[in-house]
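Student: Hey, I've just opened this one and don't know where to start. Can you walk me through it?
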Amino acid sequence: MTFLQTERTRLKRLPKRGHFDRETVYGILDEGFICHVGFAAEGQPFVIPTGYARDGDKLYIHGSQASRMLRTVSAGIDVCLTVTIVDGLVLARSAFHHSMNYRSVVVFGRATLVEDREEKLAALLALSEHFIRGRWADVREPTDEELIMTTVLSLPLVEASAKVRTGPPLDDEEDYSMPVWAGVIPLRLEAGEPIKDPRLPDGIEAPDYARDYSRR
Ligand SMILES: Cc1cc2nc3c(=O)[nH]c(=O)nc-3n(C[C@H](O)[C@H](O)[C@H](O)COP(=O)(O)OP(=O)(O)OC[C@H]3O[C@@H](n4cnc5c(N)ncnc54)[C@H](O)[C@@H]3O)c2cc1C
């Protein structure tokens, strides 16, 4: 199924890089885990980075009850949420044609507060599993008080677009004979060796999900 293109999501520049199928959009959303939430409060635009998770056709974001971003957005105002994955730097022969390989998603919509206790727990589980699959089963679940202190918002995935650039540089034909290196420097997010908490008692080994962490 594809997202309907709207006046807000129709790509005007390089529309051939646009994707509206759920497979592409959800693939990007499922690999990323940081979004930027754009909203206006009293005429002032804000763009705030935060974690997210997808559950079916909605995204969850969460945080402190005191968060201005979450309080403002929970009022049902229009938001624009973006996710970006950078796959490489594209080095062309001309300064002009340098580019980046990327996969990104833009979502428009209005978020609602998740108030039902079970849905809130399910959303927090989805967030935890999205960040580190397998972690939730090992840790203490939130208490009722911690649940109250945590705000969870749900944003329906109704109006969304993806834009993807892949491949080598696209130079002007006459520049291809220049004796200058051109190509792609691939970039990816890579997990390092887990660093144990200094207060960890001896004998507790890092679990597989920490040792072999990967976003793909
Ligand atoms: C990678 C990442 C993941 C995060 N994940 C979460 C999450 O899952 N849940 C969550 O609640 N928060 C998360 N945060 C923190 C989030 O960006 C906000 O700081 C937080 O939500 C408080 O929002 P607020 O609107 O109440 O901030 P306020 O304190 O009201 O913001 C006031 C001002 O502080 C500055 N400010 C606020 N946040 C940032 C920031 N991140 N960087 C630079 N300046 C800032 C801005 O100028 C802003 O206008 C994350 C941040 C990062 C970078």
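Student: Okay, which element gives the most to the shell around the ligand?
Tutor: That's β3, with five residues. Keep in mind that we're looking at a predicted model.

Student: Which elements give two or more residues to that shell?
Tutor: Those are β3 (44–51), β5 (58–64) and α2 (68–73). The residues surrounding the ligand include I34, F46, H62, S67 and M69.

Student: What's the mix by class in the shell?
Tutor: Five residues are nonpolar, six are polar and one is charged.

Student: And what lies 2.5 Å from an oxygen atom of the ligand?
Tutor: A backbone N or O atom of P49. On the nitrogen side, a ligand nitrogen atom sits 3.2 Å from an N or O atom in the T50 side chain. There's also a polar backbone atom of G51 at 3.2 Å from a nitrogen atom of the ligand.

Student: How much of the ligand's accessible area does the protein cover?
Tutor: On its own the ligand has 870 Å², and the protein covers 46% of that.

Student: Switching topic: which residues touch the most other members in the largest nonpolar core?
Tutor: V25, L29, V37, I61 and L81, out of 30 residues in that core. Among the elements supplying at least two residues each are α1 (22–31), β2 (34–41) and β7 (99–110).

Student: What does V25 touch, not counting residues up to four places away in sequence?
Tutor: F3, H19, V105, A160, S161 and A162.

Student: How many residues are in the other core?
Tutor: That one has 11, among them V114, L121, W136 and V152, and it lies apart from the largest core.

Technical notes: Residues numbered from 1 in each chain as written. Predicted model: local features only at pLDDT ≥ 70, side-chain atom pairs only at ≥ 80, totals over all residues. Heavy atoms only, no water. Near = heavy atom within 4 Å. Polar contact = N/O pair within 3.5 Å; in protein donor to acceptor, adjacent residues only side chain to side chain. Areas by Shrake-Rupley, 256 points an atom, 1.4 Å probe, with all protein chains shown as cover. Helix = DSSP H or I, 4+ residues; strand = E, 2+ residues; numbered from the N terminus. Nonpolar A, V, L, I, M, F, W, Y, C, P; charged D, E, K, R; others polar. Core = buried A, V, L, I, M, F, W, Y, C linked by side-chain atoms within 4.5 Å. Buried < 20%, exposed > 50% of the residue type's maximum accessible area, 1.4 Å probe, protein only. Contact = heavy atoms within 4.5 Å.
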